[in-house]
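Me: Please take a close look at the second largest pocket, and tell me which residues and elements line it. I would also like to know how many disulfides a search of the whole structure finds, and why.

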Amino acid sequence: MDTESTEFQRAEMEEILGTDSEEAFETLISDEMWNSEEKHLEAKSMFNLMKHKDPESLANNLIDFLCYSDNLDFPPRCAVLLCEFLSDRDDDIDWSTWGNLSEGTQSSIKYVLLSHMKIEESQSVIIKLCDIVSKLAASLLPDNNWPNFFFDLAVVGNEPIFRWVTNMHSLFLSLLNDDTFNIELRMDALSAVTSLIQFIPNSNEKQRFQDLLPGMMRTLTLADASSNGEAARKTLESLLELAKYDPGFFRLQLVVVVGSILEIAEEEKLEQGTRYLAIEFLITLVETRKRAPGMMKKLPLFINRCFAMLLKLTLDTKDDPAWHTAETVFDDTGATINYHVGMNCLKRFSAALGGNSVAHIAIEQISAYLAAPEWEKRHAALIALAHIAKGCLKVMIKNLEQVVDLVLNVLQDPHPRVRYAACYAIGQLLAEFSPHLQEQFYNQVLLALSAALDDFHSRVQACAMTALVDFGVPDKPETLIPYLDDFVNKLLVLIQNGKQIVQQEALRALASIAESVEGHFRTYYDTVMPHLKTVLRNTDLKSNLILRARAIKCISSVGLAGGKEKFRDDEKQVMEELMSLLGILQMKAIDPVTYYMLSACSNICECLEQEFLPYMNVVMPFCIQCAQLKLDNKSIEKVKKRDVLEVKTKACNLLRNYADILKEDFYPWISQVVSIFVPLLDIYTHEIRASAAKTMPILLRSAKLAVKKGIAKGESESSTKNLSDHIIQSLLYAIHTEYVTETCAIMLDKLNDCLQICGPLLSESQVPSVVDEIKHVITKSSDRKQELTERAKTEDFDAEEAELLREAEIKQEDVIFGNVGEILCTFIKSFKTSFLPFLDELSSYLLPMWAKEKTPRERCTSICIFDALMEECPEAALKYYDVCLPLVLDASNDEDPDVRQAALYGLGIWAEYGRTSFKHIVEEALSSINVVIMHKNSLKLENVCAYDNAVSALGKICQFHGESIDLAQIIPAWLNCLPIKADLDDAKHVHELLCSMVERSDKELLGPNYEYLPKVISVFAEVLCSEKELATEETANRMIDALRHLQQTLPIVTMESAWSYILPREEMELKSIMSPDGIEIQ
């Protein structure tokens, strides 16, 4: 069409673009889209005329129709026309048209282009929009003529855009690599890229952005070189966000990326904030185990360089004079932010990478630091060792002697801060490597700590006593007993020291020792208690509350160790002091000494038991107050959240201890405590939720006993049932919402305890809700395990990652399944055949757990459930015979000893209760049992319980299916396996069976001419003389009677021959028992 327009065309154009011309503009669009070629050409000609003569009006009409048209076909076409409107014949931006638009219209176009990309469904239209946006932005951005571009690009209407991101690739590539763009613009582009990549769901699509990484890293380099700290930090923050969301994005160029960031982290001249962000980026990549396991382990020299950089940060410690006079053990005056960042990151670094990757590098660098002349290096090395111990546990525990020597060799260092660090490291190692370190190196460690108590520096003495607290080994007090005289005497001297820090830690250490050795401390009671009461007497109540509280806590520990009879003489005075302190604390709401008071109350209650009841009305309000602490309470705004939660947790544990110790006498407080604990099942920390769950069965048992013994006046079983219903429903709700696997496992365990305590009070109406929750638990656990399986398929997954998964997440999932099994077994025992419809309902969840690819614990759980069913409902269980019994047979020779044990126990149950059905598989069962019994490693520790169950199953086959087997061959083989000693339950059953056979004088057992009598007497001797309870009291007495009967009825020569096969000690003991004046085994 000629550019000279006719008057007619001008009039038509004005009519179409007029303010009241919506219908005319709609007709133009329709002609352009659908009508004949002639109409289309006319509409196109008019469009070009409008663009040339009145671009402002045309643009606004296109925008209006694009945004507000009711005709769904118009917006996509208007979007395309808007792109054509902005383009010239060469398909570039038509800058003459753009220049003729007002700023308002330009802004509207920018926004509409971006916003429509979000909602457009046609890929071809999206491509056109992205193309025009890219070209427009490339020209406008350098002069800051599209200031909100990156913000509008990432979010429009508060919704992320991701469907069209890949089409913007060329724009980002240009912006990040063109040095003509200023650093601010490139930073904005980088920020937009990192944000938008997160919204691309397809990993293959993300890979298209890999070629942007060099430009992104160059942008970081330029920002760092610009001496503009804010620019560098902003760039690092963007990269850090991407590292958190999608660490795998960096994998293909990991060496370059990590190398660049590591250089920034190592550069000491940079601003701290910039370095810390670079460090956080590296640690984040290290910690992304779920998304990129093991990725960072494969980088050459990275671990060495990064550990060295972090260790160097910890050197930034000043020997501040205030440190030497500090009154708290862990005061770190003189330590800088660098020091704290370094230590914190070392701990995270080692925990994420594991000992196999970190330990040898760490030991090498730490050893070098310990040999350095600068005290700062020796100090840093020891503190670093303490911080990485937990993460490197598996490896360091194999080289424990080397680790212990590193620390103990520095305890004589000339600098007190180094000696202090050595004591601190000992304490951390004792805590992390318990009980291995205590068992293997108790002599070296205790002697070193004893020497440290004589140090001239109070901070070193105090830290040595803190380490002594960490030594506590209640399970093996014998390691500490030989050193008691030395430690008790030294600590009593230090308690009288004029420095509060020494006195406080001496009291704490003395309390810990008393708690560790328990009754062995009784001989020191009369010596220690007067000193402790002197501290109480001489300590001002107002000015030294902490020392007074620690003294009472120590007295309570010594009293508990000394026992009720010893403590009774001091009880009144101590309780008066304690209640006086509680009165002060209740007015203060919460105080640092609260924790010690709660511990003291717990110890004294445990010591006095029911005699503590007179004090309950005084101590309970304080405990309740602590248990009800809220984090939003204005009265505790200045107290750290961690301290409040610690006190709350301690108070919850104390209330549980009260209920456990006092049993039915706790009844007056049960209702109040339940009202506190039920809400705690699904709020706060998982420690508090777990504590609340652990308390529920104890409260229920107390209530049940109170009703049974008549303490709950006017109450009946119905009140106990109401309480049990409330507790069970509360636990079910908490289990449903619990997201910490370990806590969920605890809740399931305690739910089972509650179900067992309910006993006859348990109604069938409660079963469906429990069963539904079990389905939910199994489903969620299976989902989590599937996620773990997917993680194991990732590119960098290695053996160490597999071990970490197995020992952490998978182990916890196994506990979940085990507890589910216990609940179902409880229901089977409680409801018998009434539970079968629910078991049928659950069979689709349980039977797949037998599969070989399932974990041993899952398979054990399923086997044990059906074992319980056969034991409790033998007739009803036969419906599962065809499915279960072949699986039990197969599992009886499984590689896993726990699965073998469960299956072999099941064979015994099926042999006993499924007699008719079991007959046709007797030979197969004997074959499976024989494989277990005859295996060369059958009596090794990990296999012996399965062996015992195999022997038990063999005995039951002899007992219940003797007609189907050759007893003369099988029973002697069975006898040769006796006695069994690992599984005490099975041992009692097996040895009772043996006794019965002897009483009947079974010929297959005694053999021709009493050939097997020596073996029978030998087994009896081992059972009767064993320190383990291998037989019930009744069976033991029957054995003695059977031996007496044999002695009296068999020829002397036969018995003398039999006695010659047992040990002289056992012969003497047996004959003593069998003599008329002998004492029967009780």
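**The second largest pocket and the cysteines**

Reply: Among the elements that line the second largest pocket of this predicted model, α50 gives the most, with eight residues. The pocket holds about 880 Å³ of space, and of the 34 residues in its lining, those closest to the centre are C864, D867, E871, Y905 and N949. Two or more residues come from each of α38 (741-758), α40 (799-831), α42 (856-872), α45 (897-913), α48 (944-960) and α50 (984-999). In terms of domains, the lining draws at least three residues from domain 4 (813-946) and at least three from domain 5 (966-1081). By residue type, the lining divides into 13 charged, twelve polar and nine nonpolar residues.

As for the cysteines, a search of the whole structure finds zero disulfides. A disulfide is a covalent bond between the sulfur atoms of two cysteines, and a pair is counted here when the sulfur atoms lie within 2.5 Å. The sulfur of C758 has its closest cysteine sulfur in C754, at 6.5 Å, and is therefore too far away for a bond; C758 is buried, with a relative accessible area of 2%. For C945, the closest cysteine sulfur is that of C860, at 12 Å, which is likewise too far for a bond, while C945 is partly exposed, with a relative accessible area of 26%.

Notes:
Residues are numbered from 1 along each chain as its sequence is written. This is a predicted model: local features need pLDDT of at least 70, side-chain atom pairs count only at pLDDT 80 or more; totals for chains, interfaces and linings use all residues. Side-chain values use heavy atoms; hydrogens and water are left out. On a 1 Å grid over the protein atoms alone, a cavity is a set of points where a 1.4 Å probe fits but cannot get out, and a pocket is an open set with protein on both sides within 12 Å along at least five of seven lines; lining residues have an atom within 4 Å of a point. Grid points are joined across faces, edges and corners, and a volume is the space filled by probe spheres set on the points. Helices (H or I, at least four residues) and strands (E, at least two) are DSSP runs, numbered from the N terminus. Ala, Val, Leu, Ile, Met, Phe, Trp, Tyr, Cys and Pro count as nonpolar, Asp, Glu, Lys and Arg as charged, and the others, Gly among them, as polar. Domain bounds come from an automatic or database domain assignment. Buried means under 20% relative accessible area, exposed over 50%, partly exposed in between (1.4 Å probe, protein chains only).
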